[in-house]
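Here is a friendly briefing to read alongside the model. Have the viewer open and follow the topics in turn.

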Amino acid sequence: MTSTLSASSAWPESPSVPPPMPENSPDSDDRSSLSDLSDISAAVTDAVDEDERRSQTSVTSPTNTAATSVQNVNPSPNSISLPVDSSTPNVLYLSFNQDYGCFAAGTDRGFRIYNCDPLREIFRRDFTGNSNGGGGIGVVQMLFRCNILALVGGGPEPQYPLNKVMIWDDHQSRCIGELSFRSEVKSVRLRRDRIVVVLAQKIFVYNFSDLKLLHQIETVANPKGLCEVSQVSGSMVLVCPGLQKGQVRVEHYASKRTKFIMAHDSRIVCFALTNDGRLLATSSSKGTLVRIYNTLDGSLVQEVRRGADRAEIYSLAFSPTAQWLAVSSDKGTVHVFNLKVDSAALGVDRPRGASESNATSPSAGSHLSFIRGVLPKYFSSEWSVAQFRLQEGLQHIVAFGHQKNTVVILGMDGSFYRCQYDAATGGEMTLLEHHSFLKSEENF
């Protein structure tokens, strides 16, 4: 079920001016305060411009200069000079960057940035023992491969307050801006032009260069900080929980329209968005079904089944061409599903042969199509075409690798897996490599 709000109902007149917020407004309790903004505009603009120029350059290239390439940022020993601790830190947070070529790990000592292919630690910042805080980073979000990151404190001894988003410039090895709130920050999402901050029941959208508030959204209770944004330059699509259980809110910023999708009967615990913002995958607290929606009109495109038993879905990820969907859960299995989306209608550019591959790829529910409507829905469900078994109960996140038909899996225990699936026959994935990314680089 979908409904559409008028363009004027949720939007300020000008996208560059914050909506009016009276002092006695309840929203004023959660609105941010800004400080130390003298350097942020130039730093973000320079970093974004440089990152766009380098978008076709591998992060592993040794010829990149030190200006904003994430592997060559200036460590500035004057800012952090601490004794080396050889023991293994505890992982508090994991996230891939926007093109899945890198990932970030927040630990109880600081944060680390890694390249995915080949696996390599690019740099780390350990804060333990400094005078500012305990070192724990509970959220770290990269901005593609540039030197700008968003940090939030976390763990038993947080480096920063849990109600602040710190904008870190690793070229300067310091925070160049911050956003402060009256309640805990649950998550952060970045684009080249926007920063999105998620609280328990509110979401704030800011202009990245000057941190001006552009939009605020109220949501149902959102303890996981669910929110995703598209990454195609120009028009932005944002998805977040709606105002009731099982509902997703879709904001189309180009057309200034808001759409609500009743995606599930129970609480939504995970979703994913394609980089162009056209497809949305959702899963509820039951964890048995994953549904794929067209964000433009809110229509259900496809439904796939992870399993019959309840499970907690940890992550969902689309392949770059939206041909495949990967799912990880507490059951210890990563599933890859074959999506049968009309890519031409959605404007998705798939490589030659992709449609034929989709047509011949295995579909665990296709051989039961003749009895649809006769047996319960379970028997006619579309099941995953490829699987990889992991330790049950341990949290893992998943993304598609840059190599053909590969999946990258990260575990909260510091495990790194690269697996390959057979697009023609499916079945168990082949393990290509397994490492502990918390160990020193020479052990990879």
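Strand 28 (residues 406-411) and strand 29 (residues 415-420) run antiparallel and are joined by five bridges. Keep in mind that this is a predicted model. The points below start with the sheet that holds this pair, then move to a second sheet, the largest pocket and a few local details.

**The sheet with strands 28 and 29**

- Within this pair, L410 has F416 of strand 29 as its bridge partner.
- The pair belongs to an open sheet of four strands, ordered 27-28-29-31, and the pairing is antiparallel.
- Strand 27 and strand 31 (430-436) are the edge strands; each has a single partner strand, so one side of each has no neighbour in the sheet.
- From one strand to the next, the twist of this sheet averages 20 degrees.
- As general background, the strands of a sheet pair through backbone hydrogen bonds, in either a parallel or an antiparallel way.

**The sheet with strands 3 to 6**

- Another open sheet of four strands has the order 3-4-5-6, with antiparallel pairing.
- Its edges are strand 3 and strand 6 (120-126), and because each has a single partner strand, one side of each is left without a neighbour in the sheet.
- The twist here averages 15 degrees from one strand to the next.
- Inside this sheet, strand 4 (residues 102-107) and strand 5 (residues 110-115) run antiparallel, with five bridges joining them.
- One position to look up is G106, whose bridge partner in strand 5 is F111.

**The largest pocket**

- If you are thinking about grids and probes, start with the largest pocket, which has a volume of about 1,100 Å³.
- Its lining counts 47 residues, and the closest to the pocket centre are Y93, L94, S95, R189 and E228.
- Several strands give two or more residues to this lining, among them strand 3 (91-96), strand 11 (187-190), strand 15 (228-229) and strand 27 (396-400).
- Which element gives the largest share of the lining? That is strand 23, with six residues.
- Strand 23 spans 313-318.
- Sorted by class, the lining of the largest pocket has 27 nonpolar, 14 polar and six charged residues.
- Two strands link this pocket to the sheets above: strand 3 and strand 27 each give two or more residues to the lining, strand 3 being an edge of one sheet and strand 27 an edge of the other.

**N207 and its surroundings**

- N207 is part of strand 13 (residues 202-207).
- The side chain of N207 and the side chain of S209 make a polar contact at 3.0 Å.
- Leaving aside residues up to four places away in sequence, N207 touches D193, R194, K212 and L214.

**Backbone details in loops**

- D117 and P118 are joined by a cis peptide bond, with omega about 0 degrees.
- You will find P118 in the loop between strand 5 and strand 6.
- What is the sign of phi at S173? Phi of S173 is positive, near 55 degrees, in a residue other than glycine.
- The loop that holds S173 runs between strand 9 (164-169) and strand 10 (174-180).

Note on methods
Residues are numbered from 1 along each chain as its sequence is written. This is a predicted model: local features need pLDDT of at least 70, side-chain atom pairs count only at pLDDT 80 or more; totals for chains, interfaces and linings use all residues. Side-chain values use heavy atoms; hydrogens and water are left out. On a 1 Å grid over the protein atoms alone, a cavity is a set of points where a 1.4 Å probe fits but cannot get out, and a pocket is an open set with protein on both sides within 12 Å along at least five of seven lines; lining residues have an atom within 4 Å of a point. Grid points are joined across faces, edges and corners, and a volume is the space filled by probe spheres set on the points. Ala, Val, Leu, Ile, Met, Phe, Trp, Tyr, Cys and Pro count as nonpolar, Asp, Glu, Lys and Arg as charged, and the others, Gly among them, as polar. A polar contact is a pair of N or O atoms within 3.5 Å; within protein, one must be able to donate a hydrogen and the other to accept it, and residues adjacent in sequence count only if both atoms are side-chain atoms. Contact means heavy atoms within 4.5 Å. Two strands pair if DSSP finds at least two bridges between them. Axes are lines fitted to C-alpha atoms, for helices over the stretch in contact, and angles run from 0 to 180 degrees between N-to-C directions.
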